[in-house]
Each structure stands twice: as structure tokens, then as C-alpha cells.
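Okay, everyone, let's get going. I'll put the chain up on the screen and then talk you through what I'd look at.

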Amino acid sequence: FDPSAMTAAHKSLPFNSRVKVTNPRNGKTVIVRINDRGPYVAGRCLDLSRAAFGQIGDLGQGVMTVNYEVL
């Protein structure tokens, strides 16, 4: 899992799936590739790399609500 790449972890999507992730609070989007499993915390659907998270939100937040769509 490379924190500088546009990647994410998901519990069940196939590896190399491309996913469009949108922050509904600001409308910013990023396209990531699934390359890891997780997150293993209740209520969380994706674990974005640091680079992907920074593209759509403030890294200081740590957690944000997003919408996602498999492409």
C-alpha cells in the first residue's frame, strides 16, 4: 500500500478495480485503484491512500464521509 499513489483498500471489490470517490461536502473527486484489503473498522467502506485523501479533503480530518462508484 503506497501512501503516495492514488489507491485504496476495500473489503471485497476485486483488486485493480477503479473507483470514483467523491467528497459530498466540497464536490471534489478522485479516481483510485483498489490494491489492498480493509478497512477493518465498523462503519468504514474505503481506506484511501494519503495522496488520494489529500486530493478531496483535509488530511487533518483523518476520516470523512464519501460517496463512491465503481467504474
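Let's start with contacts: taking those in the protein chain between residues at least 6 apart in sequence, 63% join residues at least 24 apart. Keep in mind that this is a predicted model.

What about overall size? The protein chain has 71 residues and a radius of gyration of 11 Å, which agrees with the value near 11 Å for a compact globule of that length. If you prefer a box, the C-alpha trace spans about 30 × 25 × 20 Å along its principal axes. And of the 71 residues, 34% count as buried.

Now the secondary structure. We have one helix and five strands, and reading from the N terminus the elements go β-β-β-β-α-β. The five strands form an open sheet in the order β4-β1-β3-β2-β5, and the pairing is mixed. That puts β4 and β5, residues 67–70, at the edges, each pairing on one side only.

Let's zoom in on β3, residues 29–36. Which way does β3 run relative to β1, residues 7–9: parallel or antiparallel? Those two are parallel, joined by three bridges. On the other side of the comparison, β2, residues 18–22, runs antiparallel to β3, with five bridges joining them. Have a look at Arg 33 here. Arg 33 in β3 is the bridge partner of Thr 7, and Arg 33 is also the bridge partner of Arg 18. While you're on this part of the sheet, Val 21 stands opposite Val 30 in β3.

Next, the loops. The hairpin of β2 and β3 has six residues between the strands, and in there Gly 27 takes a positive phi near 75°. Lys 28 also sits in the loop between β2 and β3. Lys 28 is partly exposed, because its relative accessible area is 45%, and the band for that label runs between 20% and 50%. What does Lys 28 touch, once we skip residues up to four places away in sequence? The list is Val 21, Thr 22, Asn 23, Gln 55 and Ile 56. For Gln 55, the C-alpha atom is separated from that of Lys 28 by 7.6 Å, though the two are 27 residues apart along the chain.

Two backbone oddities, and some background before I show them. Most residues other than glycine have a negative phi, and most peptide bonds are trans. Against that, Asn 16 has a phi near 75°, a positive value in a residue that isn't glycine. Asn 16 lies in the loop between β1 and β2 and is exposed, since its relative accessible area is 52% and the cut-off is over 50%. The second one is a cis peptide bond between Gly 38 and Pro 39, with omega at about -5°. You'll find Pro 39 in the loop between β3 and β4.

Let me jump to Val 66, in the loop between α1 and β5. Is Val 66 buried or exposed? Val 66 counts as buried, because its relative accessibility is 18% and buried means under 20%. Leaving out neighbours within four places in sequence, Val 66 is in contact with Val 21, Thr 22, Pro 24 and Ile 56. As for Lys 11, which is 55 residues from Val 66 along the chain, the two C-alpha atoms are separated by 16 Å. So you don't have to flip back: Val 21, Thr 22 and Ile 56 also appear among the contacts of Lys 28.

Last stop, the pocket. The largest pocket has a volume of about 370 Å³. How many residues line the largest pocket? There are 18, and the ones nearest its centre are Leu 46, Leu 48, Phe 53, Gly 62 and Val 63. In terms of elements, β4 at 47–48 and α1 at 50–56 each supply at least two residues of the lining. For those of you thinking about chemistry, the lining breaks down by class into eleven nonpolar, four polar and three charged residues.

That's my tour. Who wants to go first with questions?

Key. Residues are numbered from 1 along each chain as its sequence is written. This is a predicted model: local features need pLDDT of at least 70, side-chain atom pairs count only at pLDDT 80 or more; totals for chains, interfaces and linings use all residues. Side-chain values use heavy atoms; hydrogens and water are left out. On a 1 Å grid over the protein atoms alone, a cavity is a set of points where a 1.4 Å probe fits but cannot get out, and a pocket is an open set with protein on both sides within 12 Å along at least five of seven lines; lining residues have an atom within 4 Å of a point. Grid points are joined across faces, edges and corners, and a volume is the space filled by probe spheres set on the points. Helices (H or I, at least four residues) and strands (E, at least two) are DSSP runs, numbered from the N terminus. Ala, Val, Leu, Ile, Met, Phe, Trp, Tyr, Cys and Pro count as nonpolar, Asp, Glu, Lys and Arg as charged, and the others, Gly among them, as polar. Two strands pair if DSSP finds at least two bridges between them. The radius of gyration is taken over C-alpha atoms; the globule rule is 2.2 Å times the number of residues to the power 0.38. Buried means under 20% relative accessible area, exposed over 50%, partly exposed in between (1.4 Å probe, protein chains only). Contact means heavy atoms within 4.5 Å.
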